Amino acid sequence: MILEIRAFQPQDISELVYIWNEVVEEGNAFPQMAPLNTEMGAKFFARQSFTAVAYDVENREIVGLYILHPNNVGRCGHICNASYAVKSCYRGQHIGEQLVQHCIQKGRELGFRILQFNAVVCSNQSARKLYEKLGFTELGTIPGGFLQKDETYSDIVLYYLSLIE
């Protein structure tokens, strides 16, 4: 697969909303509970510091995305946060890894000093292995920090990576 990672464009919104909602509706990774509609999605993706799409050049299809934004404000505004989503039929093909690597570089370009993940669900082993492979440090665990779709609670793990080279 030839993958191009680029800034989203307005014509990408419906595909981004589809991929985002797929993860939201699975109920085991994103904290959001309500799906986006096209109008909400356009506003949501536009207000991020950066929204990227992973575009499969051969099949002319968006297969993933990430959003990057400040994790906090003011004196902590140099810390960013990100979320990643890959269309379910494309998972396991290292698209997420390419998205995270692109995001790390984009965070540096935007002047962020730290990339922090606040709520990686403990059972999301593929994400956790990827973050550790890419050099993220595990900060700790919050017991019962994530409400699963089935109404049970799972632990969440916090990670960070210094973006200073």
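L147 lies in strand β6 (residues 137-147), where strands are DSSP runs of E with at least two residues, helices are runs of H or I with at least four, and both are numbered from the N terminus. This is a predicted model, in which local features need pLDDT of at least 70, side-chain atom pairs count only at pLDDT 80 or more, and totals for chains, interfaces and linings use all residues. Residues are numbered from 1 along each chain as its sequence is written, and side-chain values use heavy atoms, with hydrogens and water left out.

With a relative accessibility of 30%, L147 counts as partly exposed; buried means under 20% relative accessible area, exposed over 50%, and partly exposed in between (1.4 Å probe, protein chains only). Although L147 and P31 are 116 residues apart in sequence, their C-alpha atoms are 8.0 Å apart in space. When neighbours within four places in sequence are left aside, L147 is in contact with G27, M33, T152 and Y153, contact meaning heavy atoms within 4.5 Å.

A second residue, Q48, is found in the loop between α2 and β2. Q48 is buried, its relative accessible area being 11%. Apart from neighbours within four places in sequence, Q48 is in contact with I67, L68 and H69.

**Helices α1 and α2**

Two packed helices are described by the angle between their axes and the distance between the axes. The axes of helix α1 (residues 13-26) and helix α2 (residues 38-46) come within 9 Å and cross at roughly 95 degrees. Such axes are lines fitted to C-alpha atoms, for helices over the stretch in contact, with angles running from 0 to 180 degrees between N-to-C directions. The crossing makes α1 roughly perpendicular to α2, a term for angles of 65 to 115 degrees, while under 35 is roughly parallel, over 145 roughly antiparallel and the rest oblique. From α1, the contact is made by I13, L16, V17 and W20, and from α2 by T38, G41, A42, F44 and F45. These residues divide into 7 nonpolar, 2 polar and no charged; Ala, Val, Leu, Ile, Met, Phe, Trp, Tyr, Cys and Pro count as nonpolar, Asp, Glu, Lys and Arg as charged, and the others, Gly among them, as polar.

**Aromatic rings**

Rings of Phe, Tyr and Trp (its six-membered ring) pair if their centres lie within 6.5 Å; planes under 30 degrees apart count as stacked, over 60 as edge-to-face and the rest as tilted. By this rule there are 12 aromatic pairs. The rings of W20 and F44 form a tilted pair, with centres 5.0 Å apart and planes at 55 degrees. This pair links distant parts of the chain, W20 in helix α1 and F44 in helix α2 being 24 residues apart. Both W20 and F44 are buried. F44 also pairs edge-to-face with F45, at 5.1 Å centre to centre and 70 degrees between the planes. Elsewhere, F50, Y66, Y84, F117, Y131, F136 and Y159 form one aromatic cluster.

The charged end of K106 sits over the ring of F50, 4.4 Å from its centre, and that of R6 sits over the ring of Y55, 5.5 Å from its centre. The criterion is that NZ of Lys or CZ of Arg is within 6 Å of the ring centre and within 35 degrees of the ring normal.

**Positive phi values**

Two residues other than glycine with a positive phi are listed here.

| Residue | Phi | Loop | Relative accessible area |
|---|---|---|---|
| R60 | near 50 degrees | between β2 (50-56) and β3 (61-70) | 68%, exposed |
| H94 | near 70 degrees | between β4 (79-86) and α3 (95-109) | 54%, exposed |
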